[in-house]
Amino acid sequence: MGNSNVVFQFISIDDYSSTPKYKQIANSIIHAVEQRKLKKGDMLPSINELSFVLEVSRDTSEKGYRFLKQQKIIDSVPGKGYFISQVDIKNNLQVVLFFNKLSAHKKIIYDSFVNEIGEQSTVDLYVYNNDLTLFKRMLDNLKKEYSYYVIIPHFIEGRDEAYQVINTLPKDKLLILDKLVPGVEGEFAAVYENFENDIYSALEQARERLSNYHTLKLIFPDKSYYPKGIIKGFYKFCSQYAFDHLLVSNMEDEPIKKGEVYIHLMEGDLVKILDRILETELVVGKDIGIISYNETPLKKFILEGITTISTDFASMGTTAAKMIIEGSKRHQEVPFYLRLRPSL
């Protein structure tokens, strides 16, 4: 049986990664087995050794080994310790996800993706906070090659240069999620929203309710990562159906008037809108309309229900995982829905 101390050269903890540390430990060992760096019967460090060297809690080390035992990759003998028991790991995809931020709808994407990709696959998660420089640094610091690189490409600064960074990745291992990026070349997979068409179609479906109001206001902050296609679709609808309309960058100073509909993108702006309306005697759903971008569970209950226009985030995650399993390189739009509720 091999020296357990050798194993530490194969196990790494990445502080940039949002993947739980116990899963990073497990994923490192799985990768070493796949690379034939660890063989059947090789001994692993004890839980105490693992905790001390990696500077993690005993619970984290124990949880990592428990996960590997559940996968039947390692086993243990009382008095001897843990060892590699299985080296024939089949269909074990190594996937890295790059999310621009963590939010309620990003969690839906993540959960549906992980559920569909299966327990035999390892999934690492990084969150780059809409920062292209941080995204590039994370890519450069990756310590292993992955079967697939899945990227939600929403950047605030440097968005026009993002395609250059993404083009450094192997296209046969690339899946773009949520938004297509002009300039990314080659054959790669994509599961995306058609932002311009989606908002236009959703507002068109709501046209009967919208006709009770005279002005539509889209709250689109200056420092927003949302695609400009949303603005194009909004303007197109308002022009087509003769609605007065306005693009609002800051809700805090915006006058609230009867007969207006507020369409917000950022979750924080919903709170600002409601605060401003409470200062008036206007009634939501009668005098003032609210449409919220991106469905979340709470919006069913706020003010008896907030109308939402939203993609199907669960479908996005599931479809992406299926395309990876199939090895597909197609580009697929995800469904977009209007959910009419009393706020409009």
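**Talking through helix α3, a sheet and two cores**

Modeller: Let me start with α3 in this predicted model: its buried residues are Thr60, Ser61, Gly64, Tyr65, Phe67 and Leu68.

Colleague: What puts these buried residues on the same side of α3?

Modeller: They cover an arc of only 155° around the axis, so they sit on the same side of the helix. The face turned away from them carries Asp59 and Gln70, which are exposed.

Colleague: Why are Asp59 and Gln70 called exposed?

Modeller: The word is used for a relative accessible area over 50%, and buried for one under 20%. Asp59 and Gln70 are listed as exposed, so each is over 50%.

Colleague: Which elements do the buried residues of α3 pack against?

Modeller: They pack against two helices, α1 (21–34) and α2 (47–54), and two strands, β1 (74–77) and β2 (81–84).

Colleague: How do you know that the span of α3 is close to the expected one?

Modeller: The helix has 13 residues, at residues 58–70, and reaches 18 Å from its first C-alpha to its last. The expected span is 1.5 Å times one less than the number of residues, and for α3 that is 18 Å, so the two agree closely. After the helix comes Lys72, with a positive phi near 60°.

Colleague: On to the sheet, then. What makes β9 and β14 edge strands?

Modeller: The open sheet has six strands in the order β9-β8-β10-β11-β12-β14, with mixed pairing. β9 (244–248) and β14 (336–339) each pair on one side only, and they are its edge strands. From one strand to the next, the twist averages 15°.

Colleague: Why do β10 and β11 count as paired?

Modeller: Pairing needs at least two bridges. Five bridges join β10 (residues 260–264) to β11 (residues 288–293), so the pair qualifies; the two strands run parallel. In this pair, Ile263 stands opposite Ile291 of β11. Helix α10 (residues 267–278) packs on the sheet, touching β8 (215–219), β10 and β11, and its direction makes about 170° with that of β11.

Colleague: Which residues touch the most other members of the largest nonpolar core?

Modeller: Leu210 and Ile230 do, in a core of 28 residues. At least two residues of this core come from each of α7 (195–205), β8, α9 (229–240), β10, β11 and β14.

Colleague: What is Ile230 in contact with?

Modeller: Leaving aside neighbours within four places in sequence, Ile230 is in contact with Phe195, Ile199, Leu218, Phe220, Leu265 and Tyr293. Apart from this core lies another, of 25 residues, among them Val96, Leu134, Val181 and Ala190.

Note on methods. Residues numbered from 1 in each chain as written. Predicted model: local features only at pLDDT ≥ 70, side-chain atom pairs only at ≥ 80, totals over all residues. Heavy atoms only, no water. Helix = DSSP H or I, 4+ residues; strand = E, 2+ residues; numbered from the N terminus. Buried < 20%, exposed > 50% of the residue type's maximum accessible area, 1.4 Å probe, protein only. Arc of directions from axis to C-beta. Contact = heavy atoms within 4.5 Å. Axes fitted to C-alpha atoms, helices over the stretch in contact; angles between N-to-C directions. Core = buried A, V, L, I, M, F, W, Y, C linked by side-chain atoms within 4.5 Å.
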